[in-house]
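I sat down with this one to see what could be looked up in it. My notes are below, in the order I took them.

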Amino acid sequence: MPTSETGPSPSDRLLPPGVIGSAGDGAGAASRSAARAPVDRKRQPSGDEARGRAMRAAIAVIAEKGTAAVRMSDIAERAGMSTGHILYHFGKKDRLLLEVLAWSQADLWTRFQQAADQAASPAEKLDLFVRSYLPRHQGDERYALWTQVLAQRHDEAGRELLTTLLDGWDERLEAIVREGRDLGQFADVDLPEFTIRAVAMLSGISEDVMFGRSRWQHTSAHAFALSALERELRPTGRA
């Protein structure tokens with residue numbers, strides 16, 4: 001369940017390790033710094049502006065209170081919007097949470113792809129992938145959103161959306177490894193099996209980071225995970 005960014009953002013670089021900062025003006029930074037602005041009912045934002053503001057506010061409030069305790073009024077207050085305006089755009093909380101997660105992932109993947117397009121090799125893309133997947137710190141807002149939304153009960157449409165988002169990470173990793181394998185830079189691994197192992201490892205490390213395990217206080221989770229994947233992908237006979 002990735003949540004990290006691949007390039008600098010106003011927050012401190014993107015939003016999970018390294019969730020990453022955020023996009024555009026930075027979902028992570030904007031959500032953390034968003035003030036509880038008074039509601040100006042004469043100028044409520046509309047369209048994309050309103051959705052973006054609500055999304056960033058929701059990420060911040062969910063990280064603070066959790067999905068069970070968060071109220072639509074909390075999001076409205078953080079966004080400087082009326083509760084009615086939030087309800088107009090999203091209908092109910094369950095729908096909002098799923099849309100926020102999908103928005104967050106689309107933002108992350110866009111910035112990941114932009115960075116990957118500039119990468120000089122599959123090895124650099126693998127580095128970007130690991131950095132984007134892992135939370136950058138305990139309490140990372142994007143990763144917190146992932147874990148809390150996954151813990152909720154969802155209808156069939158919700159489960160399909162979550163499955164699509166999770167599969168998106170598998171597909172991106174497979175594409176990187178396939179490219180490296182075809183160029184002779186990575187070992188000829190079984191792609192589906194390698195992806196399952198790699199994502200399971202990254203998810204486990206992410207949970208450790210979010211929990212605050214002391215082992216990661218003096219060791220880089222990103223460096224550890226990347227080194228493990230590189231060892232498995234190193235072609236036979238190459239030091």
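**Notebook: charges, rings and the fold**

I began with Glu193, which counts as partly exposed at 47% relative accessibility. I note for the record that the model is predicted.

Next I looked up the partner of Glu193, and found that its side chain meets that of Arg197 in a salt bridge (4.0 Å, N to O). Arg197 is partly exposed too, with a relative accessible area of 41%. Both residues lie in helix H9 (residues 191–211), four residues apart, about one turn of the helix.

Then I stepped back to the whole chain. I counted 10 helices and zero strands, and along the sequence the pattern reads α-α-α-α-α-α-α-α-α-α. Of the 239 residues in the chain, 51% are buried. The accessible surface comes to about 11500 Å², and carbon and sulfur atoms hold 50% of that.

Back to the charges. Side chains of opposite charge can pair when their charged atoms come close. My search of the whole structure gave 15 salt bridges. One of them joins the side chains of Lys125 and Glu179 at 2.9 Å, N to O. This pair links distant parts of the chain, with Lys125 in helix H6, Glu179 in helix H8 and their positions 54 residues apart. Is Lys125 buried or exposed? I checked: Lys125 has a relative accessible area of 18%, and buried means under 20%, so Lys125 is buried. Glu179, at 30%, counts as partly exposed.

I also looked up Asp208 and Arg215, whose side chains meet in a salt bridge at 2.9 Å, N to O. Asp208 counts as buried at 13% relative accessibility, whereas Arg215 is partly exposed at 45%. I jotted down a network as well: Lys65, Arg71 and Asp74 are linked by salt bridges.

On the surface, I found a patch of negative charge where Asp94, Asp155, Glu156 and Glu160 gather. Asp155 sits in the loop between helix H7 (141–150) and helix H8 (156–182).

Last, the rings. The whole structure holds six aromatic pairs. How do the rings of Phe112 and Phe129 meet? Their centres are 6.3 Å apart and their planes stand at 80°, so I logged the pair as edge-to-face. Phe112 is in helix H5 (residues 93–118) and Phe129 in helix H6 (residues 122–133), 17 residues apart, so I noted a link between distant parts of the chain. Both rings belong to buried residues: Phe112 has a relative accessible area of 2%, and Phe129 has 0%. I closed the page with the aromatic cluster formed by Trp109, Phe112, Phe129, Tyr133 and Trp169.

Technical notes:
Residues are numbered from 1 along each chain as its sequence is written. This is a predicted model: local features need pLDDT of at least 70, side-chain atom pairs count only at pLDDT 80 or more; totals for chains, interfaces and linings use all residues. Side-chain values use heavy atoms; hydrogens and water are left out. Patches are made of residues with over 30% relative accessible area and no salt bridge: like charges are joined within 9 Å, nonpolar side chains (Val, Leu, Ile, Met, Phe, Trp, Tyr) within 5 Å. Accessible areas come from the Shrake-Rupley method with a 1.4 Å probe; for residues, only the protein chains shown count as cover. Lys and Arg count as positive and Asp and Glu as negative; His and the chain ends are not counted. The place of a charge is taken as NZ of Lys, CZ of Arg, CG of Asp or CD of Glu. Helices (H or I, at least four residues) and strands (E, at least two) are DSSP runs, numbered from the N terminus. Buried means under 20% relative accessible area, exposed over 50%, partly exposed in between (1.4 Å probe, protein chains only). Rings of Phe, Tyr and Trp (its six-membered ring) pair if their centres lie within 6.5 Å; planes under 30 degrees apart count as stacked, over 60 as edge-to-face and the rest as tilted.
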